[in-house]
Amino acid sequence: MKIAVVGGGGHVGLPLSLLLADKGYAVQVIDCDAAKIEALKRGEFPFLEEGGQALLTKLLRRAAGHTLVFSAESNLVSDCDVVILVVGTPVDEHMNPNLTPVYAVIEQIKPFLRSGQVVILRSTLFPGTSEKIQAALTAGGLDVGVCFCPERIAQGHALRELQEFPQIISGSSKSALAVARKVFSSLTSKIVELSMTEAELAKLFTNAWRYIKFAVANQFYMIAADKGLDFYRIRDAMVQDYGRAADFPLAGFAAGPCLFKDTMQLAAFNRQNFALGHSAMLLNETLPDFLVERAKLSYALKGMRVGILGMAFKADNDDKRESLAYKLRKLLLYENAVVLCTDPYIQDPEFESLQSVLSSCELIFIGCPHSMYRTIKFDKQHVIDCWGIVRT
Ligand SMILES: NC(=O)c1ccc[n+]([C@@H]2O[C@H](COP(=O)([O-])OP(=O)(O)OC[C@H]3O[C@@H](n4cnc5c(N)ncnc54)[C@H](O)[C@@H]3O)[C@@H](O)[C@H]2O)c1
């Protein structure tokens with residue numbers, strides 16, 4: 001079976017493509033980012049992904065251009081049995097789903113599709129979109145099966161998690177479902193079947209639920225801090241040997257390209273009647289404001305040199321998409337502080353080295369809890385750390 005992955009150079013598409021190739025499928029990785037495609041051809045994995053570079057190197061040696069092909073050209077989908085779509089699905093400036101990228105990619109590949117193929121939608125989708133895509137393809141005279149099989153990995157750990165967790169599959173027909181089952185059974189024996197709309201909602205519920213859980217921890221952190229108490233002393237006591245609180249999260253910036261926008265997609269799906277989701281958004285998005293306001297109680301920020309350690313949206317990762325560390329920087333600049341940012345994984349000419357931030361700033365914020373920051377001995381600096389990685 002030959003599989004095309006459109007958006008195959010992305011954070012979801014690339015690990016999936018490589019794993020399917022490793023399982024023996026012939027995989028065409030198609031991505032409009034030509035620079036990324038060229039880097040992949042040279043054997044360079046374009047972002048941090050556990051085991052990603054090693055698997056790419058291994059497959060390129062083994063494939064010799066036959067079972068793993070990288071290309072920016074959509075016409076390659078024509079000779080594939082299965083086409084997996086995994087482009088980004090953002091929300092717009094009004095927090096409504098922006099389906100333009102998904103419909104654009106359908107239009108882009110449509111001239112090269114043929115009856116009998118199966119299109120597997122892997123992007124997170126606004127409920128009802130899979131059925132609409134199926135109807136549009138049918139109306140265009142194509143007898144193509146459509147499946148929606150949501151991706152549920154945590155970014156950076158896809159290669160492991162794709163094989164650990166059950167795969168949810170759904171499809172427009174029994175034969176399309178059978179194809180999805182075959183593809184994902186190569187990754188795991190645990191397959192869960194839903195209707196397409198159910199599967200779309202399962203994905204949004206999963207992300208909104210996580211986002212709300214983080215908001216609970218963040219609200220409790222703010223309550224404790226406002227009362228002059230150490231949230232982490234209280235949290236540690238709560239969760240210690242107490243299974244019912246075992247999944248109580250740490251506080252921290254709940255950011256990145258998925259949780260916020262998927263919570264807003266769910267709100268839009270329910271005509272903005274989603275009080276929990278909106279409350280979570282207000283809490284998570286204003287944690288940087290809370291931290292700056294608290295800093296202002298002890299420091300005159302104007303003209304002060306303030307450091308931010310970590311600008312990525314999650315620990316030990318190089319992805320800065322929707323990172324709230326950038327919002328923190330903006331708020332500090334608004335207070336006329338001199339802000340020095342550092343991150344070991346993000347190349348930015350404006351960033352400083354860790355050493356120079358530590359040596360020149362009296363006030364430090366932890367913007368992202370990279371593991372390496374856990375071992376720093378802060379002697380002269382005051383550290384504001386909502387994540388609880390700097391313990392005294
Ligand atoms: N990042 C995650 O951890 C994660 C987890 C689960 C689900 N998702 C969902 O997966 C989807 C993709 O997310 P991502 O983080 O991989 O995004 P991404 O931006 O990392 O990857 C998308 C890729 O698609 C390519 N692309 C965009 N338009 C294209 C087109 N018309 N033709 C060919 N290639 C095109 C881009 O160049 C990019 O490489 C989203 O719906 C997201 O919500 C993401």
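This passage describes an open sheet with the helix lying across it, and then the surroundings of one glutamine, in a predicted model.

Four strands are arranged as an open sheet in the order E10-E9-E11-E12, and their pairing is parallel. The edge positions are taken by strand E10 (338–342) and strand E12 (382–384). Each of these two strands has a single partner strand, so one side of each is left without a neighbour in the sheet. On average, neighbouring strands of this sheet are turned by 25° against each other, direction ignored.

Within this arrangement, strand E9 (residues 305–309) runs parallel to E10, and the two are joined by 5 bridges. Val306 has Val339 in E10 as its bridge partner. The sheet strands E9, E10 and E11 (363–366) are crossed by helix H13, which comprises residues 324–334. The direction of helix H13 is at about 175° to that of E9.

Elsewhere in the sequence, Gln167 belongs to strand E7, which spans residues 167–169. The relative accessibility of Gln167 is 4%, and this residue therefore counts as buried, the cut-off being under 20% relative accessible area. The side chain of Gln167 is joined to that of Arg122 by a polar contact of 3.0 Å. When residues up to four places away in sequence are not counted, Gln167 touches Arg122, Pro150, Leu162, Phe184, Thr188, Lys190, Ile191 and Val192. Arg122 thus appears both in this set of contacts and as the polar partner of the Gln167 side chain.

Technical notes
Residues are numbered from 1 along each chain as its sequence is written. This is a predicted model: local features need pLDDT of at least 70, side-chain atom pairs count only at pLDDT 80 or more; totals for chains, interfaces and linings use all residues. Side-chain values use heavy atoms; hydrogens and water are left out. Two strands pair if DSSP finds at least two bridges between them. Axes are lines fitted to C-alpha atoms, for helices over the stretch in contact, and angles run from 0 to 180 degrees between N-to-C directions. Contact means heavy atoms within 4.5 Å. Buried means under 20% relative accessible area, exposed over 50%, partly exposed in between (1.4 Å probe, protein chains only). A polar contact is a pair of N or O atoms within 3.5 Å; within protein, one must be able to donate a hydrogen and the other to accept it, and residues adjacent in sequence count only if both atoms are side-chain atoms.
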